[in-house]
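Please open the structure in a viewer and keep the sequence panel visible beside it. The stops below are arranged as a sequence of selections.

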Amino acid sequence: MSTDTWIALYPEYDRDRRLVRRIPESPKTPPRPPEKRKESNGLAPRMDGRSWLMLIVLSVLWGGSFFFTEIALVDLPPFTLVLGRVAIAAMILWWVVLLRDIEIPRDPRIWLSFLVMGALNNLIPFCLIVWSQTHIASGLAAILNATTPLFTLIIAHLATKNERLTRRKVIGVLTGFAGVVIVIGLPDAVVTAIEPGGASSASEDVFALASFAPFAPVAVLIAAISYGCTGVFARRFKDTPPILTAAGQTSASTLMLIPICILIDTPWNLSFPKTDTILAVLGIAAFSTALAYILYFQLLKRAGASNLLLVTFLIPVSAILLGVLFLGETLALRQIGGMAVIGLGLAVIDGRLIRRKGGLRKSPA
């Protein structure tokens, strides 16, 4: 028998017909199929622990803006105050952009987006809310401003594919809004307008002649709708550094406010503001605008538009707690109960606690 025939019949032997141990070849492993990406289930990104911490810090920064505004309105008319706020914030933000050596975009399309963003997020809501606080109680302004998440949910549902309305979210937002009403109470709607110091300004004459005061609550609602549009529009800046987006929008709103301020407020007729007013403007510009917007755009990338606007519910809570810590104010039982209701609403929106309880119920005893 030939050697080749021997090997064919007895593969465990070599050509010298000696027994060898052959390791069988392992079958080829077929390539793993590519992982399928989970399809969007119509929900916004889930809030993690860091996102909730950022949301709380943002609420503290924005909660202080109502306090700063009340101080500054004593000496400054609304449009001048808003101009000072965004102009100083823009200078601070561009200074940081230069320090970090961030490339400034040259595409005119992104500057046009900054212009729209500045109008939706600064010009319209800031002017309307500040002006409304000269005619209605700040508590009522805060309650009306707390409707922002309601408008944001509707706008995000209509304009996006991954932030659809869900029953859980609607229930959570309505619960949070009820908590805001409980915390603040139902204040008197109309208050005596705050008279800016110094010479009479054109803005006072315009608003007095037109008798716009009854429309102050509507102005806050329009501001809330504008904020809702902002949360959706700002999604296009996901690839832009947050500080650059903040600097761009505050610069755009500054340019738009200059002619408005000149025509309506005639600031050259105003007396020089007091030290408290200057410090209030610096505080609202540096903390409630510049620093807050850096945090705002970072959180927008992490949590989405509808989740981000939940900060509106936390702003009254932050304002009250700041008063307790630094102004010696005391917490009323109603405020504690309202905060608990707000917390319940946020927990419903977050959904993790509900899912955890549901899982415990399904698990065997």
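**A loop between two helices**

Begin by selecting Asp 101, which lies in the loop between α3 and α4. The model is a predicted one. With a relative accessible area of 68%, Asp 101 is exposed, because the value is over 50%. Display its backbone as well: phi of Asp 101 is near 55°, which is a positive value in a residue other than glycine.

**Into helix α4**

Next, select helix α4, which covers residues 108–132, and pick out Leu 128 within it. Leu 128 is partly exposed, its relative accessible area being 22%. Add Phe 79 to the selection and draw a C-alpha to C-alpha distance: Leu 128 and Phe 79 are 9.4 Å apart in space, with their positions 49 residues apart in sequence.

**A salt bridge**

Now select Asp 107 and Arg 109 and show their side chains. The two side chains meet in a salt bridge, with an N to O distance of 3.0 Å. How many salt bridges does the count come to? The count comes to 1 salt bridge. The partners may be coloured by accessibility: Arg 109 counts as exposed, at 63% relative accessibility, whereas Asp 107 is partly exposed, at 31%.

**Helix α3 and a buried arginine**

Move to helix α3, residues 78–99, and select Arg 85 there. Is Arg 85 buried or exposed? Its relative accessible area is 7%, so Arg 85 is buried, the cut-off being under 20%. Then add Ser 288 and show its backbone. A polar atom of the Arg 85 side chain lies 3.3 Å from the backbone oxygen of Ser 288.

**The pair α2 and α11**

Select residues 49–72 for helix α2 and residues 275–303 for helix α11; their axes come within 8 Å and cross at roughly 155°. The two helices are therefore roughly antiparallel to each other, since an angle over 145 degrees is counted in that way. The crossing of α2 and α11 is left-handed. Colouring the contact of α2 with α11 by residue class gives 19 nonpolar, 8 polar and 3 charged residues.

Stay on helix α2 and select Leu 58, which is found in it. Leu 58 is buried, with a relative accessible area of 0%. Bring in Leu 308 as its counterpart for a distance: the two C-alpha atoms are 9.7 Å apart in space, while the residues are 250 apart in sequence.

**The loop before α11**

Select Thr 266, whose place is in the loop between α10 (242–264) and α11. Thr 266 is not a glycine, although it has a positive phi of about 40°. Return to Asp 101 for a comparison of the two loop residues: Thr 266 is buried, with a relative accessible area of 13%, whereas Asp 101 is exposed, at 68%.

**The pair α6 and α9**

For the final stop, select helix α6, residues 148–159, together with helix α9, residues 216–233. Where the axes come within 8 Å, at what angle do α6 and α9 cross? The crossing angle is roughly 40°. That makes α6 oblique to α9. Viewed for handedness, α6 passes α9 in a right-handed crossing, whereas the crossing of α2 and α11 is left-handed.

How values were computed. Residues are numbered from 1 along each chain as its sequence is written. This is a predicted model: local features need pLDDT of at least 70, side-chain atom pairs count only at pLDDT 80 or more; totals for chains, interfaces and linings use all residues. Side-chain values use heavy atoms; hydrogens and water are left out. Axes are lines fitted to C-alpha atoms, for helices over the stretch in contact, and angles run from 0 to 180 degrees between N-to-C directions. Helices (H or I, at least four residues) and strands (E, at least two) are DSSP runs, numbered from the N terminus. Angles under 35 degrees count as roughly parallel, over 145 as roughly antiparallel, 65 to 115 as roughly perpendicular and the rest as oblique. A crossing is left-handed if the near helix is turned anticlockwise from the far one by less than a right angle, and right-handed if clockwise. Ala, Val, Leu, Ile, Met, Phe, Trp, Tyr, Cys and Pro count as nonpolar, Asp, Glu, Lys and Arg as charged, and the others, Gly among them, as polar. A salt bridge is a side-chain nitrogen of Lys or Arg within 4 Å of a carboxyl oxygen of Asp or Glu. Buried means under 20% relative accessible area, exposed over 50%, partly exposed in between (1.4 Å probe, protein chains only). A polar contact is a pair of N or O atoms within 3.5 Å; within protein, one must be able to donate a hydrogen and the other to accept it, and residues adjacent in sequence count only if both atoms are side-chain atoms.
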